[in-house]
Amino acid sequence: MDKKEIIAKFGKDEKDTGSTSVQIALLTQRINHLNEHLKMHPKDNHTRRGLLKLVGQRKGLLNYLKKTDIEKYRSIASELGIR
């Protein structure tokens, strides 16, 4: 899935890049990509640090979404396969 498809699927319209659900979906895509990279390059610690920063950022957004809209949180978490 590329960025435009993710924005179209999770956003309100094609210009909605700032909503929490779109940000979580984009971060999840980048995290999955970096996981595949680290499987091939296990000693790449610079990428591992970036991955951990992205995971922390996504966790913060998920916690925010859980506090504000629990139903949207559950649907996004199940759709993306996280937690």
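At what angle do the axes of α2 and α3 cross, and within what distance do they come? In this predicted model, the two axes cross at roughly 155 degrees and come within 9 Å. Angles over 145 degrees count as roughly antiparallel, and α2 and α3 are therefore roughly antiparallel to each other. The crossing in which α2 passes α3 is left-handed. On the α2 side, the residues that make the contact include Ile24, Leu27, Thr28, Ile31, Leu34 and Leu38. On the α3 side they include Leu51, Leu54, Val55, Arg58, Leu62 and Leu65. By class, the residues of this contact comprise 12 nonpolar, 7 polar and 3 charged.

These two helices belong to a protein chain with 4 helices and 0 strands. Read from the N terminus, its elements follow the order α-α-α-α. The chain has 83 residues, of which 34% count as buried. Its C-alpha trace spans about 40 × 25 × 20 Å along the principal axes. Of the contacts between residues at least 6 apart in sequence, 44% join residues at least 24 apart.

A second packing involves α2 and α4. Their axes lie 11 Å apart, and the helices pack at an angle of about 20 degrees. Angles under 35 degrees count as roughly parallel, so α2 and α4 are roughly parallel to each other. Here α2 passes α4 in a right-handed crossing. The residues that meet are Ser21, Ile24, Ala25 and Thr28 of α2 and Lys72, Ile76 and Leu80 of α4. This contact of α2 with α4 consists of 4 nonpolar, 2 polar and 1 charged residues.

The next topic is the interior. In soluble globular proteins, nonpolar side chains tend to be buried together. The largest nonpolar core of this model has 14 residues. Ile24, Leu51, Leu54, Leu62, Leu65 and Ile82 are those with the most contacts inside this core. At least two core residues come from each of α2 (20-40), α3 (45-68) and α4 (70-80). Another core, of 6 residues, lies apart from the largest one, and Ile6, Ile7, Phe10 and Val22 are among its members.

Two of the residues named for the largest core can be followed further. Ile24 takes part in the contact of α2 with α3 and also in the contact of α2 with α4. Ile82, leaving aside its neighbours within four places in sequence, is in contact with Ile24, Thr28, Arg58, Leu62 and Ala77. Of these partners, Ile24 and Thr28 are α2 residues in the contact with α3, to which Arg58 and Leu62 belong on the α3 side.

How values were computed. Residues are numbered from 1 along each chain as its sequence is written. This is a predicted model: local features need pLDDT of at least 70, side-chain atom pairs count only at pLDDT 80 or more; totals for chains, interfaces and linings use all residues. Side-chain values use heavy atoms; hydrogens and water are left out. A nonpolar core is a set of buried Ala, Val, Leu, Ile, Met, Phe, Trp, Tyr and Cys residues joined through side-chain atoms within 4.5 Å. Buried means under 20% relative accessible area, exposed over 50%, partly exposed in between (1.4 Å probe, protein chains only). Contact means heavy atoms within 4.5 Å. Axes are lines fitted to C-alpha atoms, for helices over the stretch in contact, and angles run from 0 to 180 degrees between N-to-C directions. Angles under 35 degrees count as roughly parallel, over 145 as roughly antiparallel, 65 to 115 as roughly perpendicular and the rest as oblique. A crossing is left-handed if the near helix is turned anticlockwise from the far one by less than a right angle, and right-handed if clockwise. Ala, Val, Leu, Ile, Met, Phe, Trp, Tyr, Cys and Pro count as nonpolar, Asp, Glu, Lys and Arg as charged, and the others, Gly among them, as polar.
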